[in-house]
Structure formats: C-alpha cells, structure tokens
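User: Hi! Could you walk me through this model before I head back to the bench?
Analyst: Happy to, here it is.

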Amino acid sequence: MSLSGSTTRYGNLAQAFHWLTAVLVLAAFLVSAGGPPERVYSAARAPTLLLHESLGFAVFCLLVLRLLWRPFDRIPDAPAMPGWMELASKATHWALYALLFAVPATAMIGALFGGHPVTVYGLGAIGPFSGTWGAPLAEIHGTLGDVIMWLAGLHAAAAIFHHVFLRDRVLSQMVPGLPDPSASLGRQTQP
Ligand code: HEM
Ligand code: HEM
C-alpha cells in the first residue's frame, strides 16, 4: 500500500481521486438539471438542482486536490505501444482534465451571471451577479456535460480493450488489486 505511484502502477491516492471523480461525474450527469430555465430553477426542482450543483462542485474540488498532488506523485510509464496510441491516450487524459475544469466552471459562472445564485451542500448562496452572458454559458455547460460523458465512455472502452485484447497493464495500473495480464504471459512490463 503506497500513497504515491511506481513505474508500473498509479498510487492509492491517484486511484482514489480517479474513481471517486468518475462516480461523482456519473452521478452529477444522472441528476442533471435539464429543461428551460423556468423549470430548471423552479421550486419543485430545487432539491435536484442542489444535488446536481453539490455533486458537480465536489468534482471541481477533487480536480484541484488531484492536480496539487500530481507533481509530487510518480505517474506510471506507458507500457510498450505504438507512438500514435500513446499520443491518443495522453491527449484524451488532458482533454478529460480540461473538461473536469470546464464543465463545473461554465456552470458556476453561467448560473451566477445568468441571474441565479449558486448553493452547494445547503450552505449559503453565492451571487448572483449582473451580466448578459450567463445563459449562453449555461447552454455550453450542458453540451460539455454530454461531451465529458462520451469521452469518458470512449476512454473506459479503450482501457478495457487494452486489458482484454492487448493484454497490457493499462487498466490494471489504475484498478486496485487487478493483476497485470502481461505478467501472466511472461512479457516484460518494466520499461
Ligand atoms: C462534472 C460535473 C457536471 C456534469 C457532468 C454536469 C452535467 C450537466 C448536463 C448534461 C446538463 C444539461 C442537462 C439537460 O439539458 O438535459 C447540466 C445542466 C446544468 N448544470 Fe451541470 N453538470 C456538472 C456540474 C455542475 C455544477 C458544478 C453546477 C453548479 C453551478 C451545475 C449546474 C447546472 C445548471 C444550473 C444546469 C442547467 C443549465 C441551464 O439550462 O440553464 N452543473 N449539467
Ligand atoms: C467520468 C469518468 C472518468 C474520467 C473523468 C476519467 C479521467 C481520467 C484521467 C484524467 C486520467 C489520467 C490520470 C493521470 O495520468 O493523471 C485517467 C486515467 C485512467 N482511467 Fe479514467 N476516467 C474516467 C473513467 C474511467 C473508467 C470508467 C475507466 C475504466 C473502465 C477508466 C480507466 C482509466 C485507466 C486504466 C487510466 C490509466 C490509463 C493510463 O495511464 O494509460 N477511467 N482517467
């Protein structure tokens, strides 16, 4: 058990951040507050919106903690794979990081400047502030919320493909207790 990672495995803390984030993003998406503004901000939908905003805000806080920890962590080296595949994997990871920032940020700024206070965990509300660009930003937030789900789905499918068909340690290095399939094939996994 080690908080930080090694050349072949993510550390426990990075794994915890990753899986908690994945669960919270999925939960925020499932309770997402859709529809016209008069419905989204109606009294009847207030509990759903509070839950959605609180889950989404937790995603944002986890991202900050995760990025603060990352420079002190050992990120595993990529197992042997074609250059284009490694590049695609890195690009997807950074796109997911960008979306983990952009999805909550557009929501919070969009709501505040669209005339709606933001309340998380039932604590006091922040804002609203005056502005005209809140509504388009809230619209962008909804679209980016869909994009992060599609990209995360593709990313998960790629990780499972690596595990099942390429038999490398891409998935096992992020899943606690999952053995590296290339080790059982007697392949060299160390870089
Ligand atoms: C990763 C986290 C989040 C995801 C995946 C997500 C996803 C979504 C999606 C997909 C929609 C559009 C629903 C539809 O039109 O059917 C939506 C709407 C909304 N979300 Fe989020 N959201 C997240 C975080 C947040 C946060 C932090 C807030 C806090 C302000 C928030 C506030 C809202 C609001 C107010 C709407 C309605 C926007 C409007 O149409 O005016 N969301 N969200
Ligand atoms: C909303 C859901 C998800 C998000 C936002 C997300 C995001 C990320 C990010 C940003 C990384 C890069 C970590 C780093 O190097 O700092 C990563 C790595 C990884 N994720 Fe996810 N992920 C999600 C869901 C999943 C799911 C469902 C799976 C598996 C079924 C998965 C499997 C992996 C694996 C195996 C890695 C390590 C890949 C490697 O280092 O090559 N992720 N994820």
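Below we chat about the fold, the metal sites and a few single residues.

User: Thanks! What kind of model is it?
Analyst: It is a predicted model.

User: Okay. How many helices and strands are there in the protein?
Analyst: The protein has six helices and zero strands. Read from the N terminus, its elements go α-α-α-α-α-α.

User: And what does the C-alpha trace span along its principal axes?
Analyst: About 60 × 30 × 25 Å. The accessible surface of the protein is about 11,000 Å², and carbon and sulfur atoms hold 73% of that.

User: How much of the protein is buried?
Analyst: Of the 191 residues, 34% are buried. For contacts with a separation of 6 or more, 63% are between residues 24 or more positions apart.

User: What about the charges, how many positive and negative ones?
Analyst: There are 10 positive and 9 negative charges, and their mean positions lie 8 Å apart.

User: On to the metals. Which residues coordinate the iron atom of ligand 1?
Analyst: His52 and His141 do, each through NE2, at 2.0 Å.

User: Why is the arrangement there octahedral?
Analyst: Six donor atoms surround the iron atom of ligand 1, and the angles they subtend run from 87 to 179°, which makes the arrangement octahedral. His52 sits in helix α3 (residues 46-69) and His141 in helix α5 (residues 134-166), so this pair ties together parts that are 89 residues apart in sequence.

User: Are His52 and His141 buried or exposed?
Analyst: Both of them are buried.

User: Good. Which residues hold the iron atom of ligand 2?
Analyst: There the coordinating residues are His18 and His155, again with their NE2 atoms, at 2.0 Å. His18 is in helix α1 (residues 12-30) while His155 is in helix α5, so the pair ties together parts that are 137 residues apart in sequence.

User: And what is the geometry of that site?
Analyst: Octahedral, with angles of 86 to 180° among the six donor atoms around the iron atom of ligand 2. As a reference, the ideal angles for six octahedral donors are 90 or 180 degrees.

User: Is His18 buried or exposed?
Analyst: His18 is buried, because its relative accessible area is 16% and the cut-off for buried is under 20%. His155 has a relative accessible area of 25%, so it is partly exposed.

User: What does His18 touch?
Analyst: Not counting residues up to four places away in sequence, His18 touches Arg66, His155 and Met174.

User: Where is Ala16?
Analyst: Ala16 is also in helix α1, and with 42% relative accessibility it counts as partly exposed. Its C-alpha atom is 9.7 Å from that of Leu3, and the two residues are 13 apart along the chain.

User: Switching topic: where does Val103 lie?
Analyst: Val103 lies in helix α4 (residues 83-112). Its relative accessibility is 13%, so Val103 counts as buried.

User: Which residues is Val103 in contact with?
Analyst: Setting aside neighbours within four places in sequence, Val103 is in contact with His141, Leu144, Gly145 and Ile148. One of these, His141, is a ligand 1 iron coordinator. Val103 and Gly142 are 39 residues apart along the chain, with their C-alpha atoms separated by 8.1 Å.

User: Now the loops. What is Pro117 doing, where is it placed?
Analyst: Pro117 is placed in the loop between α4 and α5. With 38% relative accessibility, Pro117 counts as partly exposed.

User: How far is Pro117 from Pro128?
Analyst: They are eleven residues apart in sequence and 4.5 Å apart in space, C-alpha to C-alpha. Beyond residues up to four places away in sequence, Pro117 touches Ala125, Ile126, Gly127 and Pro128.

User: Last one: what about the phi of Arg167?
Analyst: Arg167 has a positive phi of about 50°, although it is not a glycine. Most residues other than glycine have a negative phi.

User: Where is Arg167 found?
Analyst: In the loop between α5 and α6 (181-184). Arg167 is partly exposed, with a relative accessible area of 31%.

User: Great, thanks for the tour!
Analyst: Any time!

Notes: Residues numbered from 1 in each chain as written. Chains lettered and ligands numbered in written order. Predicted model: local features only at pLDDT ≥ 70, side-chain atom pairs only at ≥ 80, totals over all residues. Heavy atoms only, no water. Donors = N, O, S within 2.8 Å, 3.2 Å for Na, K, Ca; no water. Tetrahedral: all angles 85-135°; square planar, octahedral: opposite > 155°, others 65-115°. Helix = DSSP H or I, 4+ residues; strand = E, 2+ residues; numbered from the N terminus. Buried < 20%, exposed > 50% of the residue type's maximum accessible area, 1.4 Å probe, protein only. Contact = heavy atoms within 4.5 Å. Areas by Shrake-Rupley, 256 points an atom, 1.4 Å probe, with all protein chains shown as cover. Lys, Arg positive; Asp, Glu negative; His and termini not counted. Charge placed at Lys NZ, Arg CZ, Asp CG, Glu CD.
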